[in-house]
Amino acid sequence: QQQQQQQPMQQQQQPMNRQHMPLDLPSRPSLFTRSIMADETFTQAPLSIHYPKGALSGDDPVPQADSRYISLDDGNASLDFLRPTMQRLPSDRHVLRNATGVSDEYTTNDYMGVICNPMALPSADHPPPPSDSLTEKLPDSGEIGRIPVDFTIDRKAPPRCGRCNAYVNAFWSMAKCNFCLRSNKGGQSQTQYGDKVGTVDYPVAGPYVTRKQGPVKPHWIFCIDLTCPKVLEYVDLVLDEIWPAFYNQIVMPHMDVTQGQHGRQVVKPSVAMVFVCSTGIYIPQKGGGESGSLSKDGFLVMPDVFEDAFSPVPLSEYSWSLPDEYEDMLELWKSRIRPVLLPQLIDAKIKNYVKNPNSTSQADRKGGHSMSAGGAALQFLVDALEETGGRAVFWTWRRPNYGLGTLVDREQLAGGNQRNKKSGTSLYMPLQDAIKSYNIQSNPNLLAAAEFYTKLGERCIAAKVALDIVVHTNPKVPQSFLDLATLGRLCESSSGRLVWISKSSYESKSVWKQAIREELMRPLYWSGWDAVFKVRCSQGLAVRAALSSSGKIQASTLLAGQEDEVEFSCVTPETCLGVTLEHRVGGIPSPRENVLAFVQTALLYTNPWTGDRRVRVSTLAIPVTTIPELVLPSMDFGALAALQLRLSLPHTNYSSSSRFSLDSSIQYRIDSSTPDQMGDSLLTDGRHDMFAAMRQVFVAHRTLVGKNGRSPPMGQLAIPD
């Protein structure tokens, strides 16, 4: 039995047949191994290696999205960056309709698309990418990823076609551009790596620098709600684990590598932590001791939580620059702010505070513990980072219920959670998405909140501020309405993250501390800021719609070109977009057999640690077929499921050219007299639509096989009657 298990492993290690490999591809390297989970078969399992360029001939099967593999950049973009839903594209609309069995023009195109991870990091197990010489290796862009950076080009513009502006790639030549199929007279072709790899970074300057305030800085600010039961433990977590990890694992490595090894200046990040309650936002200032620059009670106070929450002084006056002020920061926080000033503030403004002690009204006699000015805190964070950009974290345990951005308890507003009744409220629909509905427009409290969070999200995108919201709740106590949908949509639009931790481990410090630390640290290791994403296709294809829940879609115009743009405050390896494609009139130009179609993405972003502006270009080649029966066997159901999930759950940020934009979807599905039901109806319909779309391709394929008088292959999934 042991020999039988080892036999397929040995077979995988046999080198690929050289006659089926691209000529510029190096010999296949040995397999890599990693430790795997206990429920898997082997403790050391080989990772299969996939060559995207080799897959064009069908000799190297494409691994499934949920499988364990290494995808190497051999001139065709790695699956880490671009994964198409079809490994063989239909040559025209007729072939696509026959392959999917769908006659509706709009629905047919839902099966043809690409899942894009523009800031993906190749596996840490990756060997160096191939080059034109077996002995020469391309330089790394960092210890984790190996995306070559081409420093030989003119920073004013990367090399590209002089006619269609497609970037140089491994399938491009001066004689013929693989996108417009014309000669490249007047185009630029000088490049060190662009014509060898599928993904490359180009340093750029001049017109590519669009931010007037300068490059985004890697600043990181925390605001903690003083009404949280575990507020002191959160502060301890920041001081003892999060800030030290940021300093030791991120800041210092950048100093050592970028500045120490390459002699380049590193932008120094700043960190800060403030506190919010019903009486204002409390800002610990730099200084120390009673005679320092701290005010009388130890904090500078911004008392306005109702009209306009703003940062009363520049960020530099209450933040600490790393690494220069790291030791001084910890000394002040651990010797005075945390043990002395913060407990005094909690006693005065939370435990012993009553809003209006002389009033006979219970509403006016609210205690400090019951009022959360979270909306004011979020606006303060954006204002503090407006000039520099950066990431902010708001830490709370309830929805904002006091002052700016107050979120009404929509569940209680309808007399309980009646989500399946016409008169109930939808807990799944963000206020930003339903701002035009009658129920929102007729309720001044709901309308004020919807407008506040919509404008705050737009302000985040303009200022390049990513908002993370941490909600830590105790599952053992009665739960109140949190309105995570509205808070989550704010995080999405700002390219931030909503982290909700509510498990039985609430009392286990080590468990929830580790979870929160990992969630907050993950997007900091590798990111690009002030980013713009675009997609282009070769002749015969067009980008139909871009589907991204984060960032902001900038719809295409006649002046801007055919492609939509997606604008992000920040992109990380977790940033994922869906792009749907469609055929132009006539489809792929003839001849259609043994030809390739191309998709190219361009991500313009800023490295926050150096201030460099870069364009990351990824180019994907996909074979074309005129035979409908070959389409389904080539489908990548992992990518298709990811695309269908986005299509089946409409979003306000989706491209207007997509029939799945929220406004057009609810127009036909939702009774306009009950707009509060939009969220629940979309969830129900989305679940059904996704299942129907995935099932349809199987039905269509078996129908094609039956029409041609052939029996279905053994082992192929049968569709029940």
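A residue counts as buried when its relative accessible area is under 20%, as exposed when that area is over 50%, and as partly exposed in between. In this predicted model, Asn165 has a relative accessible area of 37% and is therefore partly exposed. Asn165 is placed in the loop between β6 (113-116) and β7 (199-204), and its phi is near 70°, a positive value in a residue other than glycine.

Asp530 also has a positive phi, near 50°, and is likewise a residue other than glycine, but its setting is strand β16 (residues 528-537). With a relative accessible area of 6%, Asp530 is buried, because the limit for that class is under 20%.

The backbone of the loop between β12 (320-321) and α5 (326-351), where Pro323 lies, holds a further feature: the peptide bond that runs from Leu322 to Pro323 is cis, with omega near 10°. Such features stand out because most residues other than glycine have a negative phi, and most peptide bonds are trans.

Turning to the packing of helices, α6 (residues 374-384) and α9 (residues 444-463) have axes that lie 10 Å apart and enclose an angle of about 20°. Since angles under 35 degrees count as roughly parallel, α6 and α9 are therefore roughly parallel to each other, and α6 passes α9 in a left-handed crossing. On the α6 side the contact is made by Gly375, Leu378, Gln379, Val382 and Asp383, which meet Phe452, Tyr453, Leu456, Arg459 and Cys460 in α9. By class, the residues of this contact of α6 with α9 comprise six nonpolar, two polar and two charged.

Note on methods: Residues numbered from 1 in each chain as written. Predicted model: local features only at pLDDT ≥ 70, side-chain atom pairs only at ≥ 80, totals over all residues. Heavy atoms only, no water. Axes fitted to C-alpha atoms, helices over the stretch in contact; angles between N-to-C directions. Helix = DSSP H or I, 4+ residues; strand = E, 2+ residues; numbered from the N terminus. Parallel < 35°, antiparallel > 145°, perpendicular 65-115°, else oblique. Left-handed = near helix turned anticlockwise from the far one by under 90°. Contact = heavy atoms within 4.5 Å. Nonpolar A, V, L, I, M, F, W, Y, C, P; charged D, E, K, R; others polar. Buried < 20%, exposed > 50% of the residue type's maximum accessible area, 1.4 Å probe, protein only.
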